[in-house]
Amino acid sequence: MNNDILELNSNLQKQNTREFLSRFFKRILNVFVSDVVGAVTGVIKGDDIWQSAQGASISSAKNQGFITAVDGINVAIGNAPSKADLLEDTLVTSYIRPKQEALNDLVLVQNSLPATPNDSIGYYHNLVIYNTLEKNNSVNFWRNVSDEACVLKLNEEIISTIPASCYNDVVVSDETIEFCSFIGEASKECEDYKNLINVTAVKYPELDKTLNLLSSYFEGMENVSTDEQWKQYCMDVIELISKSGLPECDKESLKAGITVGYASSKLWKCEE
C-alpha cells in the first residue's frame with residue numbers, strides 16, 4: 001500500500017506548488033493533519049469518528065489561534081493571523097470559508113464507484129463544525145473554552161445534525177477528550193506536520209503503521225499544484241486503499257481520514 005502511494009506521488013507534476021500550499025496549507029497544515037489523524041484514530045479505536053475528528057480539528061484550530069485570535073506577544077510584534085485584534089470580538093466565522101464553499105463538492109468517489117453514507121462524512125464533518133461555531137459566533141466566547149468543552153459542544157451538534165444511523169454512540173469517552181487535547185497542543189508546538197506525525201506515533205504507538213501510510217499521503221500533497229489536482233489525488237488514494245489487501249478496519253480508517261482531511265482543507269481559511 002505504501003509503495004502504491006509513493007508511485008502515485010512520483011507521477012505528480014510539481015508545478016506552482018509553493019503558491020498552492022501557501023494558499024491552502026501554510027497556516028492550517030497542522031490543523032489538517034490533526035483532523036486526518038483524529039478521524040483515523042476514531043475508527044481504529046472503535047469510537048465514533050465524529051467526536052475524534054471534529055474535536056481534533058477544533059482543538060488544533062483553537063490552540064493555533066484560528067478561533068481565539070492570537071496571544072499578546074504575537075499581537076505586539078505584529079504577527080497576528082489575519083490581523084485579528086484581541087481588543088475586538090472578531091466573528092469566529094471569519095476564520096472559515098463561506099458555508100456554501102465549505103459544504104460543496106466533498107464526496108470523494110470515482111464515477112464508477114457508487115457513493116455510500118460513509119462517503120458523506122466530509123460533508124457532515126464541515127457542517128457540524130460550521131454550525132457549532134455559527135451558534136457561538138464570538139472570539140471572546142471561544143478564547144477561554146477548554147478542549148473538553150469544545151468536544152462536548154461539538155457532540156451536541158453531532159446529535160442534532162448527523163443521522164443517528166451514522167454513529168454508534170454519542171457518549172464522549174475520556175480517551176477521546178485526552179486525544180483531542182493532546183493533538184491540539186502538539187499541533188501548536190510542532191514546527192511542521194512531519195514532526196506532528198512523529199510525536200503522535202510516540203504517544204500512540206498502536207497507530208504507527210497507519211501514520212506511516214498517512215505520511216506518504218501527506219508527502220504526495222506537497223506535490224499537488226491545483227485545487228483540481230488536490231481533489232483527484234485524494235480520490236486516487238482512496239481508490240488505491242479500496243483495492244488494497246489491507247484489513248477492512250484499516251481501509252475504513254484511512255479512507256475516513258482522507259475524506260475528512262479533504263473536507264477540512266475546504267473549511268478553514270488560511271490566507272494571511
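Which residues are exposed on the other side of α9? They are Glu156 and Ser160, and the second figure returns to them.

**Figure 1. Overview of the predicted model, a protein chain with 14 helices and 0 strands.** This is a predicted model, in which local features need pLDDT of at least 70 and side-chain atom pairs count only at pLDDT 80 or more, while totals for chains, interfaces and linings use all residues. Residues are numbered from 1 along each chain as its sequence is written, and side-chain values use heavy atoms, with hydrogens and water left out. Helices (H or I, at least four residues) and strands (E, at least two) are DSSP runs, numbered from the N terminus. Buried residues, meaning those under 20% relative accessible area, with exposed set at over 50% and partly exposed in between (1.4 Å probe, protein chains only), make up 54% of the 272 residues in the protein chain. Among the contacts (heavy atoms within 4.5 Å) with a separation of 6 or more, 78% join residues 24 or more positions apart.

**Figure 2. Helix α9, with its buried and exposed sides.** This helix runs over residues 147-161, and its 15 residues reach 21 Å from the first C-alpha to the last, close to the 21 Å expected at 1.5 Å a residue; the expected span is 1.5 Å times one less than the number of residues. Asp147, Cys150, Val151, Leu154, Asn155, Glu157, Ile158 and Thr161 are buried in α9. They cover an arc of only 165° around the axis, which puts them on the same side of α9, the arc being that of the directions from the helix axis to the C-beta atoms. An α-helix has 3.6 residues a turn, so residues three or four places apart point the same way. The buried residues of α9 pack against α4 (49-63), α7 (121-135), α8 (139-143) and α10 (174-189), whereas Glu156 and Ser160, on the other side of α9, are exposed.

**Figure 3. Close-up of serine 52 in helix α4.** With a relative accessibility of 3%, serine 52 counts as buried. Leaving aside neighbours within four places in sequence, serine 52 is in contact with Gly38, Thr41, Gly42, Thr176, Phe179 and Cys180. Serine 52 and glutamate 178 lie 126 residues apart along the chain, and their C-alpha atoms are separated by 9.9 Å.

**Figure 4. Close-up of serine 187 in helix α10.** Serine 187 counts as buried, at 1% relative accessibility. Once its neighbours within four places in sequence are set aside, its contacts are Asn30, Ser34, Ser60, Gln64 and Leu196.

**Figure 5. Tyrosine 204 in the loop between α11 (193-203) and α12.** Although tyrosine 204 lies in a loop, it counts as buried at 9% relative accessibility. Not counting residues up to four places away in sequence, tyrosine 204 touches Lys45, Glu178, Phe179 and Phe182. The C-alpha atoms of tyrosine 204 and threonine 41 are separated by 9.5 Å, with their positions 163 residues apart along the chain given as their distance apart.**Figure 6. Aspartate 105 in the loop between α6 (99-102) and α7.** The phi of aspartate 105 is near 60°, a positive value in a residue other than glycine. Most residues other than glycine have a negative phi, and most peptide bonds are trans. At 38% relative accessibility, aspartate 105 counts as partly exposed.

**Figure 7. The largest cavity and the elements that line it.** On a 1 Å grid over the protein atoms alone, a cavity is a set of points where a 1.4 Å probe fits but cannot get out, and lining residues have an atom within 4 Å of a point. Grid points are joined across faces, edges and corners, and a volume is the space filled by probe spheres set on the points. By this rule there is 1 cavity of 30 Å³ or more, and the largest cavity has a volume of about 30 Å³. Met1, Ile5, Leu213, Leu214, Tyr217, Val237, Ile241, Leu254 and Ile258 line the largest cavity. The elements that give two or more residues to this lining are α12 (208-221), α13 (227-243) and α14 (248-265), and α12 gives the most, with 3 residues. By class, the lining has 9 nonpolar, no polar and no charged residues, where Ala, Val, Leu, Ile, Met, Phe, Trp, Tyr, Cys and Pro count as nonpolar, Asp, Glu, Lys and Arg as charged, and the others, Gly among them, as polar.

**Figure 8. Helices α13 and α14.** The end C-alpha atoms of α13 are 25 Å apart, which agrees with the 24 Å that its 17 residues should span at 1.5 Å a residue. In α13 the buried residues are Trp230, Lys231, Tyr233, Cys234, Met235, Val237, Ile238 and Ile241. For α14, the 18 residues should span 26 Å, and the end C-alpha atoms are 26 Å apart, which agrees; this helix is mostly covered, with 13 of its 18 residues buried.

Notes
On a 1 Å grid over the protein atoms alone, a cavity is a set of points where a 1.4 Å probe fits but cannot get out, and a pocket is an open set with protein on both sides within 12 Å along at least five of seven lines; lining residues have an atom within 4 Å of a point.
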